[in-house]
Amino acid sequence: MTMENASSVSEFILMGLTEQPELQLPLFSLFLLNYVVTVVGNLCLMILICLNSHLHTPMYFFLFNLSFIDLCYSSVFTPKMLMNFISNRNVISFTGCMSQLFFFCFFVNSECYVLTAMAYDRYVAICKPLLYTMAMSPQVCSLLMSGSYVMGFAGAIVHTGSMMTLIFCDSNIIDHYVCDIFPLLQLSCSSTYANEIVVSAVVGTVIILSSLIIFISYALILFNILHISSSKGWSKALSTCGSHITTVSLFYGFGLLTHVKLQSSRFVEQGKFFTVFSTNVVPMLNPFIYSLRNKDVKIAVKTVLKRITN
């Protein structure tokens with residue numbers, strides 16, 4: 001903990017989403033509802049996948065892990081946010097702030113790679129159906145999933161380690177509701193040049209690598225779909241990819257908007273707005289995206305309900 005001792009700051013004050021007192025209680029109720037729906041939705045999907053043997057396929061193995069990550073990802077921020085709405089002084093310790101940053105980076109990076117693995121799974125299912133069982137064997141799926149978590153852990157260690165080399169002096173007020181990278185860089189009284197290089201390198205690697213694999217996978221899928229003569233084949237191929245495309249678009253879209261520095265005095269407010277969608281709304285929507293139009297999930301729900309009623 002020598003890095004912590006180099007700073008005179010032992011705790012940070014989170015400004016939260018808004019400073020308007022009349023909005024604190026309505027926002028508390030709104031985000032409490034959001035968190036309950038997120039937890040229940042993702043837990044139900046995970047339990048559903050575990051209880052139904054016909055969902056024990058590579059696609060749902062990855063979906064199980066995606067729900068697990070979304071559940072944990074949302075839990076990194078939301079409980080602290082809810083406490084801040086009803087407390088007078090929104091304080092987080094230096095250690096707590098670094099822990100929040102670590103788990104934020106870990107789950108975000110891991111989700112990037114899980115979504116990448118899911119794109120590869122869809123490519124094999126549509127373009128190489130005869131090789132699917134062998135190409136997406138339990139060993140391969142476990143390796144892809146383990147690799148996602150290891151890469152996520154490595155990225156989180158690099159981000160958090162570089163952040164702990166910074167020195168924080170007198171200013172300890174974070175104009176945000178989370179301990180994110182850029183708000184912390186703005187508070188440092190030491191040079192942040194090396195940290196900005198590290199952030200650019202790690203984030204750039206994750207985004208470029210995952211985006212490239214996802215883009216190539218869907219380019220090959222589209223090429224394959226164009227050669228399908230029947231409309232039924234078209235519909236089936238597109239339906240298997242629709243949910244994943246929606247999830248990827250929401251995750252990367254709001255993630256990029258959160259960290260793009262707009263040339264505006266309202267950048268901080270816009271950053272908070274997009275961060276809310278990235279950390280709270282997207283994890284809540286994913287279970288619905290993958291279940292509302294999914295025949296397998298609907299059948300699994302009916303099967304579980306029959307077991308309960310009988």
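User: Is the disulfide of cysteine 97 and cysteine 179 left-handed or right-handed?

Analyst: Happy to help, and please keep in mind that this is a predicted model. The two sulfur atoms of cysteine 97 and cysteine 179 are 2.1 Å apart, and they form a disulfide. The torsion about their S-S bond is about -125°, so the disulfide is left-handed.

User: Which parts of the chain does the disulfide of cysteine 97 and cysteine 179 link?

Analyst: The pair links distant parts of the chain, 82 residues apart. Cysteine 97 sits in helix α4, while cysteine 179 is in the loop between β3 (173-174) and α7 (181-187).

User: Is cysteine 169 buried, partly exposed or exposed?

Analyst: Cysteine 169 is joined to cysteine 189 by a disulfide. Buried means under 20% relative accessible area and exposed means over 50%. Cysteine 169 has 30%, so this residue is partly exposed.

User: Why is cysteine 105 not bonded to cysteine 112?

Analyst: A disulfide needs sulfur atoms within 2.5 Å. The closest cysteine sulfur to that of cysteine 105 is in cysteine 112, and this is too far for a bond because the distance is 11 Å.

User: Which elements give two or more residues to the lining of the largest cavity?

Analyst: Good one to look up in the structure! The largest cavity holds about 60 Å³ of space. Its lining includes Met118, Asp121, Thr240 and Ser243. The elements that give two or more residues to this lining are α4 (94-127) and α9 (231-259).

Technical notes:
Residues are numbered from 1 along each chain as its sequence is written. This is a predicted model: local features need pLDDT of at least 70, side-chain atom pairs count only at pLDDT 80 or more; totals for chains, interfaces and linings use all residues. Side-chain values use heavy atoms; hydrogens and water are left out. On a 1 Å grid over the protein atoms alone, a cavity is a set of points where a 1.4 Å probe fits but cannot get out, and a pocket is an open set with protein on both sides within 12 Å along at least five of seven lines; lining residues have an atom within 4 Å of a point. Grid points are joined across faces, edges and corners, and a volume is the space filled by probe spheres set on the points. Helices (H or I, at least four residues) and strands (E, at least two) are DSSP runs, numbered from the N terminus. Buried means under 20% relative accessible area, exposed over 50%, partly exposed in between (1.4 Å probe, protein chains only).
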